[in-house]
2 protein chains.
Amino acid sequence: MENEKKPKVGIVGCGGRGYGVIRDVLIGLIPREISIAAVCDKYPDRASAAADLIGAADGAERPAEYTDYKELCDIVHPDALFVYSAWESHFDIAIYAMKKGIPVGFEVGGAYSIEKLWELCRTYEETGTPCMMLENCCYGECELMTLRMVREGVFGDIVHCSGGYHHDLRYEITGGIENRHYRLRNYVGRNCENYPTHELGPIAKILDINNGNRMLTLTSMASCSKGASAYAAKNMPKSIVARQNFAQGDVITTVIKCAAGQTITLTLDTTLPRTYTRAFTVRGTCGGYFGETDSIYIDDGRYHDFEFCGEKLWGNAAGYCDRYTHPIWQNYDPTGGHGGMDYLVTEAFLESVRNGSRPPIDVYDSASWAAVSVLSEQSISLGGMPVPIPDFTNGAWLCRDDIADAPDSCYGLDNKKIAKKYRKQ
Amino acid sequence: MENEKKPKVGIVGCGGRGYGVIRDVLIGLIPREISIAAVCDKYPDRASAAADLIGAADGAERPAEYTDYKELCDIVHPDALFVYSAWESHFDIAIYAMKKGIPVGFEVGGAYSIEKLWELCRTYEETGTPCMMLENCCYGECELMTLRMVREGVFGDIVHCSGGYHHDLRYEITGGIENRHYRLRNYVGRNCENYPTHELGPIAKILDINNGNRMLTLTSMASCSKGASAYAAKNMPKSIVARQNFAQGDVITTVIKCAAGQTITLTLDTTLPRTYTRAFTVRGTCGGYFGETDSIYIDDGRYHDFEFCGEKLWGNAAGYCDRYTHPIWQNYDPTGGHGGMDYLVTEAFLESVRNGSRPPIDVYDSASWAAVSVLSEQSISLGGMPVPIPDFTNGAWLCRDDIADAPDSCYGLDNKKIAKKYRKQ
């Protein structure tokens with residue numbers, strides 16, 4: 001690495017997500033944390049817009065522009081690569097970068113074949129170059145508070161977790177011709193849990209997946225597909241999209257069984273009208289966190305039964321923050337102009353780049369979480385058949401320790417540094 | 001029938017549920033609506049307690065007591081039989097009564113074999129004697145308001161429904177030796193969605209199951225079983241129950257696929273600490289009802305996306321009551337000392353008995369809903385394999401009309417009569 005303290009980074013993918021992270025997170029790290037040497041997008045206008053944005057930042061130079069990520073890697077050879085491109089491209093880009101010795105952080109998204117994920121793992125094992133799925137929701141405030149409560153035993157033994165990507169994306173999906181968004185082609189062509197990791201990531205960390213536990217099998221079922229078509233017919237009747245058949249079911253329900261006995265239920269729910277929630281839920285023998293109502297229930301050992309039938313705990317989780325907020329969030333103030341979870345996951349990746357340490361979400365986490373998409377596609381197409389989830393660790397999960405469990409690691413972040421940079425006033 | 005207007009009824013099962021319904025609903029119908037000629041329980045003390053209760057009611061005579069339901073049927077030959085006994089006994093008792101020409105309403109609960117449900121259907125077809133599962137939640141205020149909104153098209157095409165029996169029953173289950181409750185033996189010996197109908201009943205009516213639609217297949221997965229054991233170890237360490245292995249997983253997730261493309265997700269969640277909810281949820285292309293937060297979202301045709309990310313609609317369903325309360329509940333005041341849903345479902349059954357009409361929850365509804373328990377047991381034991389759901393109508397679902405759909409039928413109830421008897425003041 002040219003500069004131990006200030007990695008020179010490259011960015012692939014400057015569409016909605018990439019541009020947003022550059023604007024909200026990355027340019028804030030210039031010039032003291034990183035320099036941005038190059039940007040890449042298959043659409044030159046997007047790369048130019050991103051280069052404009054970066055070039056205008058304080059202390060920044062205008063980065064080089066590319067339309068081919070291989071050229072970016074070969075010519076610029078950055079110290080780290082951020083990948084915000086379309087879902088389909090994440091793993092090919094990551095594998096290419098790793099082979100060049102470039103640590104790579106890639107956006108969330110599911111996989112299209114299990115073989116590609118094995119290739120990702122093999123490439124890591126052969127090159128030793130770290131890669132990390134940039135799953136920002138692992139750094140969410142409520143997710144981290146719940147993780148802490150689980151680690152402190154507040155909820156007892158954890159037996160079931162659930163979550164959903166409940167997000168009305170009909171506008172984005174049906175606008176995919178104008179906005180060049182990869183979701184459109186995915187919703188037309190595929191039928192699966194296409195976006196599992198916002199919920200599965202935090203849950204997997206809580207359940208020690210790949211670190212003493214693992215996901216064994218899953219089943220997945222899809223509802224019919226009516227939401228996107230109905231939306232397009234109503235809102236863009238003259239568009240070709242209004243006559244488009246969508247393979248993607250409106251609601252996908254996936255159930256995962258873990259080696260230690262827990263079940264995980266995931267719901268994809270993106271083409272029907274509703275408000276947003278990830279419905280992150282963790283249930284144990286002594287209590288649980290219920291994301292849809294942002295509430296916590298802790299068993300007090302007394303008998304309640306119907307006494308609690310009418311009781312609403314909606315929103316009561318706020319009352320637990322003083323006692324249980326995760327150390328990272330005690331020192332972090334997202335209202336100060338930082339990007340919330342996006343900032344933290346970016347910092348965590350850069351921390352591992354600077355230190356050459358194992359990323360808090362490593363190649364095995366990334367592969368096993370991304371595998372859910374293709375396995376759910378298989379299960380749905382087989383009528384809901386259970387399908388096996390590969391053990392990408394090849395048995396190493398039986399004795400691995402999670403970096404996020406180390407008391408002073410704070411999930412891959414240097415908490416003292418976070419405190420210094422982003423302390424609450 | 002001896003008296004067209006005043007059926008003479010028998011009651012089988014005088015435990016917690018039976019005694020409760022007698023106390024809260026049935027004695028209120030004496031003497032004008034029914035007479036109670038006989039009660040039966042395998043435990044004589046329970047039958048006596050119920051007979052005492054009934055005998056003390058205004059205008060009532062003390063009923064005869066039996067410990068064998070066959071004797072009750074043969075000797076008393078009531079005009080209608082209510083069955084509140086253990087889950088395992090419902091269908092045998094119903095079949096016996098139907099063969100004697102006695103219309104029978106039985107409490108909710110799942111089945112133990114598919115063959116028994118076929119026998120139930122065959123017996124109905126051979127005898128013409130109606131039977132009805134007394135699924136009170138079909139008459140719930142929010143369930144009926146949602147049904148009305150669906151029928152009026154407010155939510156568009158319905159593509160997914162979900163619900164759960166989220167009820168902390170650890171005290172009742174682990175106390176099964178003292179309270180002689182059938183749940184204990186079921187939780188020790190079985191692992192399945194043992195109580196599907198509180199959610200599935202209202203959902204099935206909304207989705208026209210057995211009346212133009214049907215349930216095709218289901219998959220079911222179970223978490224490990226820790227909740228009941230942990231509770232017993234803590235609260236009754238010296239009891240034999242504390243050393244008991246429970247087969248029943250703490251959380252069971254079942255997904256049902258329907259012929260018309262919808263999915264139904266059911267969750268059984270009865271052995272972990274939490275507050276009560278049935279989480280009844282109905283999702284359509286134009287909006288939905290969300291039971292866990294008692295909220296309604298109706299698409300306004302404008303683009304929201306992240307605008308609604310932080311919005312909480314919790315509890316807003318109350319604002320729709322003026323416009324959409326179901327006619328039954330417009331005329332019904334449960335605060336007047338009636339039993340809420342229990343009263344309505346009892347009235348609906350008695351209405352069909354008096355009129356000789358098809359019950360609003362008929363033998364095919366009862367069989368297909370109860371089938372979910374045994375099919376989920378099979379699916380779980382096969383690692384989550386999809387299993388076919390029998391078509392108990394033998395194809396008749398393609399052209400049956402649901403009695404509950406008739407505009408003036410009000411789900412099997414005579415609404416004018418309800419209004420007269422239970423009108424809100």
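Here are three short exercises, with worked solutions, on a predicted model.

**Exercise 1: confidence**

Task: Find what pLDDT chain A averages and what ipTM the predictor gives the complex.

Solution: Start with the chain. Chain A averages a pLDDT of 92, and 93% of its residues score at least 70. Then go to the complex, where the predictor gives an ipTM of 0.95 and a pTM of 0.95.

**Exercise 2: symmetry**

Task: Work out which rotation and shift superpose chain B on chain A, and which residue of chain B comes closest to the axis.

Solution: Recall that two copies of a chain are related by a rotation about an axis and a shift along it. Here the rotation is 180 degrees and the shift along the axis is 0.0 Å, with an RMSD of 0.0 Å. That's the relation of a two-fold axis. Next, look along chain B: B:Met385 comes closest to the axis, with its C-alpha at 2.6 Å. Both copies use the same surface, as 100% of the contact residues of chain B recur in chain A.

**Exercise 3: one arginine**

Task: Decide whether A:Arg274 is buried or exposed, and list what it touches.

Solution: First, place it: A:Arg274 sits in the loop between strand 10 (263-269) and strand 11 (281-284) of chain A. Its relative accessible area is 7%; buried means under 20%, so A:Arg274 is buried. Now check side-chain polar contacts: A:Arg274 has one with A:Asp269 at 3.0 Å and another with A:His166 at 3.3 Å. Finally, leaving out residues up to four places away in sequence, A:Arg274 touches A:His166, A:Asp168, A:Asp269 and A:Glu292, plus B:Arg283, B:Phe290 and B:Tyr297 from chain B.

Definitions and conventions: Residues are numbered from 1 along each chain as its sequence is written. Chains are lettered from A and ligands numbered from 1 in the order in which they are written. This is a predicted model: local features need pLDDT of at least 70, side-chain atom pairs count only at pLDDT 80 or more; totals for chains, interfaces and linings use all residues. Side-chain values use heavy atoms; hydrogens and water are left out. Copies are superposed by least squares on the C-alpha atoms of residues with pLDDT of at least 70 in both. Contact means heavy atoms within 4.5 Å. pLDDT is the predictor's confidence in each residue, from 0 to 100. Helices (H or I, at least four residues) and strands (E, at least two) are DSSP runs, numbered from the N terminus. Buried means under 20% relative accessible area, exposed over 50%, partly exposed in between (1.4 Å probe, protein chains only). A polar contact is a pair of N or O atoms within 3.5 Å; within protein, one must be able to donate a hydrogen and the other to accept it, and residues adjacent in sequence count only if both atoms are side-chain atoms.
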